[in-house]
Amino acid sequence: PRDQGPVRKFARDIVDSRRNLAGLFMPFAIVLIFFMFTPISVNYPMIMNIVLLLFVVVMIVDAVVLGRLVNRRVRERYPDSADGGFKLGWYAASRTLQMRKLRVPKPQVERGEAV
């Protein structure tokens, strides 16, 4: 039920047609954790923590931008829809956190395709 309706499908299509940094979070975090425990130098784990924090901040900014984009485009295409605001932005942002191949429902559009 969470994924039903034309507005949610449109939001999914917008998310699936873009490249998002959030989808790279899990592989990036695994690599960073590996390097945090590699004894190259004393400051290396601290640098990796800063890099991870910066990546999280960039993901948050990307999620806010995506949420605003999705809400604006939904208002343009479905002006009478009650679906929108923070809830729809959160839905779109949470979809970006999933790796593309593991998203449910499966992506219906290719990357770069116009929606």
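**Exercise 1. Describe the second largest pocket and its lining.**

Step 1. The second largest pocket holds about 170 Å³ of space. Here a pocket is an open set of points on a 1 Å grid over the protein atoms alone where a 1.4 Å probe fits, with protein on both sides within 12 Å along at least five of seven lines. Its volume is the space filled by probe spheres set on the points.

This is a predicted model, where local features need pLDDT of at least 70 and side-chain atom pairs count only at pLDDT 80 or more, while totals for chains, interfaces and linings use all residues. Residues are numbered from 1 along each chain, and side-chain values use heavy atoms, without hydrogens and water.

Step 2. Lining residues have an atom within 4 Å of a point; for the second largest pocket they include Arg18, Arg19, Leu24 and Arg111.

Step 3. Sort that lining: three residues are nonpolar, three polar and five charged. Charged covers Asp, Glu, Lys and Arg; nonpolar covers Ala, Val, Leu, Ile, Met, Phe, Trp, Tyr, Cys and Pro; the others, Gly among them, are polar.

**Exercise 2. Find which helix gives the most to the lining of the largest pocket.**

Step 1. The largest pocket has about 360 Å³ of space and 17 lining residues, with Ala63, Val64, Gly89, Trp90 and Ala93 nearest its centre.

Step 2. Helix 3 (44–77) and helix 4 (86–96) each supply at least two lining residues. Helices are DSSP runs (H or I, at least four residues), numbered from the N terminus.

Step 3. Helix 3 gives the most, with nine residues.

Step 4. To finish, sort the lining of the largest pocket: ten residues are nonpolar, five polar and two charged.
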